Amino acid sequence: MNYRHAYHAGNFADVVKHAVLARIIAHLKEKPAAFRVIDTHAGAGLYDLAGPEASRTGEWRDGIGKLVASDLKPAARELLAPYLEAVAAFNGGPLKVYPGSPVLLQHWLRAQDRLVACEREPNAARALTARLRGDKRVKTLSIDGYTALNAYVPPKERRGLVLVDPPFEQPDEFDRLAEGLASAHRKWPTGAYALWYPVKDARETQGFSRRLLRLGLPRMLQAELTLPGRDGLRGSGLIVVNPPWRLESELAVLLPALFRVLTGTGTGTGTEPAAGHTLTRWLTGER
């Protein structure tokens, strides 16, 4: 595996993914019962924004860098608060590091909640284990993410989230993602799943959506944010299976706000949608 997330940590795709992840966790925490999160492709955990990789690309400056400097109106600011507060907790001032999904999830856990963080790449797995060591709420595993997706559901808590965020290095990644979801859902149909995918080629992502539709799962919410004038990675997408009931309405506020911040077209406070660049729709289920 050649993918090194340190080059991309805190970029616009991370911002979209982690802002939505924060909302899902916030809803899980509304009930006192414990939950478990399984992060199948966790990465190294914490990324140095002044390190050689992040400095080489500077992608974080057009992602989390723009967001923390933005002037958001109350509705968007409230939705982003758990995410922005977590990022701030690891910096204590100007941005120096960016917390990846397992570190953010650890930060959001309550005493009764649990996290299983999985990473196969040896260097990232060692860094992740060192970062999360000593927290009895957290288990780190050096294991293939798709193996973990099938092996660790359902959790004994019977509520929680599976985050699947693969590196998309292999040409069959979309197929593996759909197959992994289908297998896990058969074992744990009431669980919540968040599947991240890159938006590069419209035909590819549309084909992925059609494949998911053929699975026949009852409740799937799709969210995408794409940036204009970009080659390669144009957007960040998420499929949320069994989403919290208010997530759709929150994304209708959150995604246009993020679009305006990330493109510099405003403060992210307008009420009109960023037509053609944000998408929130039910693939199956509620309309």
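**Figure 1. Contact between helices α1 and α4 in the predicted model.** Asp 14, Val 15, His 18, Ala 19, Ala 22 and Arg 23 of α1 meet Glu 78, Leu 79, Leu 80, Pro 82 and Tyr 83 of α4. By residue class, this contact comprises 7 nonpolar, 1 polar and 3 charged residues. Helix α1 covers residues 12-28 and helix α4 covers residues 74-89; their axes come within 8 Å and cross at roughly 100°. Because angles of 65 to 115 degrees count as roughly perpendicular, α1 is described as roughly perpendicular to α4.

**Figure 2. The protein as a whole, shown as context for the close-up views.** The protein contains 10 helices and 10 strands. Its radius of gyration is 18 Å, close to the 19 Å given by the globule rule for 287 residues, so the protein is as compact as a globular protein of that length. The C-alpha trace spans about 45 × 45 × 40 Å along the principal axes. Of the 287 residues, 55% count as buried. The exposed area of the protein is about 12700 Å², and carbon and sulfur atoms supply 51% of it. Among contacts with a separation of 6 or more, 76% join residues 24 or more positions apart.

**Figure 3. Helix α5 and the surroundings of Leu 105.** Helix α5 consists of residues 101-108, and 7 of these 8 residues are buried, so the helix is largely enclosed by the rest of the structure. The buried residues are Ser 101, Pro 102, Val 103, Leu 104, Leu 105, Gln 106 and Trp 108. Leu 105, a member of this helix, has a relative accessible area of 1% and is therefore buried. Beyond residues up to four places away in sequence, Leu 105 touches Leu 21, Ile 25, Val 37, Asp 39 and Leu 115. One of these partners, Val 37, lies 68 residues from Leu 105 along the chain, yet the C-alpha atoms of the two are separated by 7.9 Å.

**Figure 4. Leu 181 in helix α8.** Leu 181 belongs to helix α8, which comprises residues 173-187. With a relative accessible area of 1%, Leu 181 is buried. Apart from residues up to four places away in sequence, Leu 181 touches Leu 149, Tyr 193, Leu 195, Leu 212, Leu 215, Leu 217 and Val 241. Arg 131, by contrast, is 50 residues from Leu 181 in sequence and 28 Å from it in space, C-alpha to C-alpha.

**Figure 5. Val 199 in strand β7.** Val 199 lies in strand β7, which runs over residues 192-199. At 2% relative accessibility, Val 199 counts as buried. Leaving aside neighbours within four places in sequence, Val 199 is in contact with Thr 205, Glu 224, Thr 226, Gly 232, Leu 233, Arg 234, Gly 235, Ser 236 and Gly 237. Leu 225 is 26 residues from Val 199 in sequence, and their C-alpha atoms are 8.5 Å apart.

**Figure 6. Pro 154 and the cis peptide bond.** The peptide bond from Val 153 to Pro 154 is cis, with omega near -5°. Pro 154 is located in the loop that connects α7 (145-151) with β6 (160-164).

**Figure 7. Phe 168, a residue with positive phi.** Although Phe 168 is not a glycine, its phi is positive, at about 55°. Phe 168 occupies the loop between β6 and α8. Its relative accessibility is 13%, so Phe 168 counts as buried.

**Figure 8. Loop residues Asn 242 and Pro 189.** Asn 242 is placed in the loop between β9 (235-241) and α10 (247-263). Phi of this asparagine is near 55°, a positive value in a residue other than glycine. At 17% relative accessibility, Asn 242 counts as buried, the cut-off for that class being under 20%. Pro 189 lies in the loop between α8 and β7 and is partly exposed, with a relative accessible area of 43%. The two residues are 53 positions apart along the chain, and their C-alpha atoms are separated by 8.7 Å.

Notes. Residues are numbered from 1 along each chain as its sequence is written. This is a predicted model: local features need pLDDT of at least 70, side-chain atom pairs count only at pLDDT 80 or more; totals for chains, interfaces and linings use all residues. Side-chain values use heavy atoms; hydrogens and water are left out. Axes are lines fitted to C-alpha atoms, for helices over the stretch in contact, and angles run from 0 to 180 degrees between N-to-C directions. Helices (H or I, at least four residues) and strands (E, at least two) are DSSP runs, numbered from the N terminus. Angles under 35 degrees count as roughly parallel, over 145 as roughly antiparallel, 65 to 115 as roughly perpendicular and the rest as oblique. Contact means heavy atoms within 4.5 Å. Ala, Val, Leu, Ile, Met, Phe, Trp, Tyr, Cys and Pro count as nonpolar, Asp, Glu, Lys and Arg as charged, and the others, Gly among them, as polar. The radius of gyration is taken over C-alpha atoms; the globule rule is 2.2 Å times the number of residues to the power 0.38. Buried means under 20% relative accessible area, exposed over 50%, partly exposed in between (1.4 Å probe, protein chains only). Accessible areas come from the Shrake-Rupley method with a 1.4 Å probe; for residues, only the protein chains shown count as cover.
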